[in-house]
Amino acid sequence: MSGYSRGVPAMGDVLRSVLVLGAVVIGLFFFGRLLTVTPDNPTSEVDWRTAASGVETRAGFVPLVPSEVPDRWRVTRAELIDDRWQLNVITDEDDYIGLSQRRGDSKALRALVEDRAPGAKPKGDVRIDGQPWQVSTGPKGAVTLSRIVRGDAVVVTGNAGQSVIEDYVASLEPFSS
């Protein structure tokens, strides 16, 4: 007779079946890995100039934008959310810097800092292009610079080093089409 006893397979048959199925699954996994391409920049870039061009008419203020976005930096968000201009970039070192701007006074500035950098504690001031910016640091090492610029509350926060964020702030200027 064969190795079967009334429809019940022998243990060797079960083990061979499991090994064959396991080999097929592992083969499919590695085949899929060969065909999968991981993008260099998993976040998409946006056209920040087009987004900035509509802010003044919709929000009533001129948005701040960098004079130039450095090579290999990516703008990942540029939009007006309710009454707030939001411009986010990822640096060439994969660090985040986010700019938020809205009409407002010092009370609105404090609220915007709390919204964009929860738990940030004031650390002092720094002068950038002759203007004082308040420096705050967050619980995860994030650096936040904030001040009132021409009647607008402006907050720039990120996990890039403070000098990188200061250079970014120094590059900000009112948008002109």
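Biologist: Is Asp94 buried or exposed in this model?
Modeller: Asp94 is exposed, because its relative accessible area is 57%, which is over the 50% cut-off for that class. Please keep in mind that this is a predicted model, and that the values I quote are computed from it.

Biologist: Where does Asp94 sit along the chain?
Modeller: Asp94 belongs to the loop that joins strand 3 (84-90) to strand 4 (96-103).

Biologist: And what is its phi?
Modeller: The phi of Asp94 is near 65°, which is a positive value in a residue that is not glycine. As background, most residues other than glycine have a negative phi.

Biologist: What about Arg150, what is its phi and where is it?
Modeller: Arg150 also is not a glycine and has a positive phi, of about 50°, and its place is in the loop between strand 7 and strand 8 (152-158). With a relative accessible area of 47%, Arg150 is classed as partly exposed.

Biologist: Let me step back to the whole chain; how many helices and strands are there?
Modeller: The chain has five helices and nine strands, and in sequence order they run α-α-α-β-β-β-β-α-β-β-β-β-α-β.

Biologist: What is the radius of gyration, set against a compact globule?
Modeller: The radius of gyration of the chain is 27 Å, whereas a compact globule of 177 residues would be near 16 Å. Along the principal axes, the C-alpha atoms fill a box of roughly 95 × 35 × 30 Å.

Biologist: What share of the residues is buried?
Modeller: Buried residues are 33% of the 177 in the chain. The accessible surface is about 11,100 Å², and carbon and sulfur atoms contribute 55% of that surface.

Biologist: How far apart are the mean positions of the positive and negative charges?
Modeller: The chain carries 20 positive and 23 negative charges, and their mean positions lie 8 Å apart.

Biologist: Changing topic, which residues of helix 5 are buried?
Modeller: In helix 5 (residues 162-170), the buried residues are Ile165, Glu166, Tyr168 and Val169. Looking down the axis of helix 5, these buried residues fall within an arc of 160°, so they line one face of the helix.

Biologist: Which exposed residues are on the face turned away from that buried side?
Modeller: That face of helix 5 carries the exposed residues Ser163 and Asp167.

Biologist: Tell me about Ile165; what does it touch?
Modeller: Setting aside neighbours within four places in sequence, Ile165 is in contact with Ile97, Val143, Leu145, Val156, Gly158 and Ala160. Ile165 has 0% relative accessibility and therefore counts as buried. From Ile165 to Thr144 the C-alpha distance is 8.4 Å, with their positions 21 residues apart in sequence.

Biologist: Is Ser146 buried or exposed, and which strand is it in?
Modeller: Ser146 is in strand 7 (residues 143-149), and it counts as buried because its relative accessibility is 2%. Beyond residues up to four places away in sequence, Ser146 touches Leu109, Val113, Trp133, Gln134, Val154 and Val155.

Biologist: One last residue, where is Ser176, and how far is it from Ile26?
Modeller: Ser176 is found in the segment after strand 9 (172-174), where its relative accessible area of 58% makes it exposed. Ser176 and Ile26 are 150 residues apart in sequence, and their C-alpha atoms are 56 Å apart in space.

Technical notes: Residues are numbered from 1 along each chain as its sequence is written. This is a predicted model: local features need pLDDT of at least 70, side-chain atom pairs count only at pLDDT 80 or more; totals for chains, interfaces and linings use all residues. Side-chain values use heavy atoms; hydrogens and water are left out. Helices (H or I, at least four residues) and strands (E, at least two) are DSSP runs, numbered from the N terminus. The radius of gyration is taken over C-alpha atoms; the globule rule is 2.2 Å times the number of residues to the power 0.38. Buried means under 20% relative accessible area, exposed over 50%, partly exposed in between (1.4 Å probe, protein chains only). Accessible areas come from the Shrake-Rupley method with a 1.4 Å probe; for residues, only the protein chains shown count as cover. Lys and Arg count as positive and Asp and Glu as negative; His and the chain ends are not counted. The place of a charge is taken as NZ of Lys, CZ of Arg, CG of Asp or CD of Glu. The arc is that of the directions from the helix axis to the C-beta atoms. Contact means heavy atoms within 4.5 Å.
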